[in-house]
Amino acid sequence: MILVLIRPRSGNVSERERQNRHKMAIKKSTSDLNREITTHADLKGFLTDNQEEFRGSFMKKILNDAYIRCGLSKAETAERSGMSEVYLHQILSGKRVPSRDRLLCLCIALEMPEGDVNTALKECGYASLYIRNRRDAIILYALNNGWDINVLNDGLFEANEETLF
């Protein structure tokens, strides 16, 4: 087994602050959206009028905030997350929603705290990291101990779990 010591994470955001950020991003309640969809003249108009209300719009903000905080260039971030710069740009601009594993790679590259990672996962419609899931437990350990993506993939492989890429 490979043992790597990396600096612990700093600047964790409290759960309350994370929830407040999320509430600020949502302008309409689910009930309001349900009422509106039944009375709207056409689907295209409803989708256009409510573009910022759908899952994923807050994920863009979370990832961009983390990208700015991290201070890496796009090239460095792409390399650390194992994706191309073009794909990274599409994700950060909100044009593409990555798979759960690709999102995790990006979150790890950006050194995001566990709470922000779970918020980003939920925003994309994915399950949060769950400690009772063996693979997720390894990912949580990696997040909380500052492992990079390569060390994490090695750890997953050694535990006979599917690697992130």
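**Figure 1. The aromatic pair of the predicted model, Y141 and W147.** The structure holds one aromatic pair. Y141 and W147 form this pair in an edge-to-face arrangement, with 5.4 Å from centre to centre and 75 degrees between the planes. The two partners are covered to unlike degrees: Y141 counts as partly exposed because its relative accessibility is 47%, whereas W147 is buried, with a relative accessible area of 9%. W147 is also among the residues touched by L152.

**Figure 2. The largest nonpolar core and the surroundings of L152.** The largest nonpolar core comprises 37 residues, and those with the most contacts inside it are L63, L103, M112, V117, L129, L152 and L164. Two or more residues of this core come from each of the elements α4 (57-70), α6 (85-92), α7, α8, α9 and α10 (149-158). When residues up to four places away in sequence are not counted, L152 touches I108, I138, I139, A142, W147 and L164. Of these, L164 is itself listed with L152 among the core residues that have the most contacts.

**Figure 3. Helix α7 and the residue E111 that follows it.** Helix α7 spans residues 100-109 and is mostly covered, nine of its ten residues being buried. The buried residues are R100, D101, L103, L104, C105, L106, C107, I108 and A109. Among them, L103 belongs to the residues with the most contacts inside the largest nonpolar core. Just after α7, E111 adopts a positive phi of about 55 degrees.

**Figure 4. The environment of T77 in helix α5.** T77 lies in helix α5, which covers residues 74-81. T77 counts as buried because its relative accessibility is 0%. Its neighbours within four places in sequence left aside, T77 is in contact with Y67, L72, L88, L106, A109 and L110. Two of these partners, L106 and A109, are also among the buried residues of α7.

**Figure 5. Y126 in the loop between α8 and α9.** Y126 is placed in the loop that joins α8 (114-123) to α9 (134-144). With a relative accessibility of 25%, Y126 counts as partly exposed. Residues up to four places away in sequence not being counted, Y126 touches V97, P98, S99, R100, L103 and L121. R100 and L103 in this set are buried residues of α7. The side chain of Y126 reaches the backbone oxygen of P98 at 2.6 Å. Y126 and S99 are 27 residues apart in sequence, and their C-alpha atoms are 8.7 Å apart in space.

Notes:
Residues are numbered from 1 along each chain as its sequence is written. This is a predicted model: local features need pLDDT of at least 70, side-chain atom pairs count only at pLDDT 80 or more; totals for chains, interfaces and linings use all residues. Side-chain values use heavy atoms; hydrogens and water are left out. Helices (H or I, at least four residues) and strands (E, at least two) are DSSP runs, numbered from the N terminus. Buried means under 20% relative accessible area, exposed over 50%, partly exposed in between (1.4 Å probe, protein chains only). Contact means heavy atoms within 4.5 Å. A polar contact is a pair of N or O atoms within 3.5 Å; within protein, one must be able to donate a hydrogen and the other to accept it, and residues adjacent in sequence count only if both atoms are side-chain atoms. A nonpolar core is a set of buried Ala, Val, Leu, Ile, Met, Phe, Trp, Tyr and Cys residues joined through side-chain atoms within 4.5 Å. Rings of Phe, Tyr and Trp (its six-membered ring) pair if their centres lie within 6.5 Å; planes under 30 degrees apart count as stacked, over 60 as edge-to-face and the rest as tilted.
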